[in-house]
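Hello,

Here is the structure for you to look over. My notes on salt bridges and surface follow below it.

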Amino acid sequence: AKSTIAFWDLVQYTTAAALLVAILIYGWWIARSIVHPTNALIARMRDMAGGAGDLTARVEVRSGDEIGELSSAINAVIAKIHDLVVQVRESSIQLY
């Protein structure tokens, strides 16, 4: 009877440990899938804020979730700024 109890205790602890490892790996994967694209967006915006940003470069949109929608919106803003800069440049050339 004691060996049966010891066996099931071992099964219970092993299962709990395996589930804990699986939950930790899944949590790390979820956190990484949020942090990595967010860091890419932050880097792109810092590049633009520094004044030397390439207005033809776009942020890669990898998903359709909120981060992907934010990336698309940032790309749209960059495109509008680029178009505005081109228009101003063309207008200033026409003035001379």
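**Salt bridges and a surface patch**

Asp47 is partly exposed, with a relative accessible area of 34%. Keep in mind that this is a predicted model.

Asp47 is also one half of a salt bridge. Its partner is Arg44, and the closest N and O atoms lie 3.1 Å apart. Both residues sit in helix α1, three residues apart, so about one helical turn separates Asp47 and Arg44. Arg44 is buried: its relative accessible area is 9%, and buried means under 20%. So this bridge joins a partly exposed Asp47 to a buried Arg44.

How many salt bridges does a search of the whole structure find? Two. The other pair is Glu60 and Arg62, where the closest N and O atoms are 3.5 Å apart. Here Glu60 is exposed, and Arg62 is exposed as well. As background, side chains of opposite charge can pair when their charged atoms come close.

Now the surface. Which residues form a nonpolar patch there? Tyr26, Trp28, Trp29, Ile30, Ile34 and Val35 do. Together they have about 660 Å² of accessible area.

Take Val35 from that patch. Val35 belongs to helix α1, which covers residues 2-49. Why can Val35 count towards a patch? Patch residues need over 30% relative accessible area. Val35 is partly exposed at 44%, so Val35 clears that cut-off.

To recap: the two salt bridges are Asp47 with Arg44 and Glu60 with Arg62, and the nonpolar patch includes Val35.

Best regards

Methods
Residues are numbered from 1 along each chain as its sequence is written. This is a predicted model: local features need pLDDT of at least 70, side-chain atom pairs count only at pLDDT 80 or more; totals for chains, interfaces and linings use all residues. Side-chain values use heavy atoms; hydrogens and water are left out. Patches are made of residues with over 30% relative accessible area and no salt bridge: like charges are joined within 9 Å, nonpolar side chains (Val, Leu, Ile, Met, Phe, Trp, Tyr) within 5 Å. Accessible areas come from the Shrake-Rupley method with a 1.4 Å probe; for residues, only the protein chains shown count as cover. A salt bridge is a side-chain nitrogen of Lys or Arg within 4 Å of a carboxyl oxygen of Asp or Glu. Helices (H or I, at least four residues) and strands (E, at least two) are DSSP runs, numbered from the N terminus. Buried means under 20% relative accessible area, exposed over 50%, partly exposed in between (1.4 Å probe, protein chains only).
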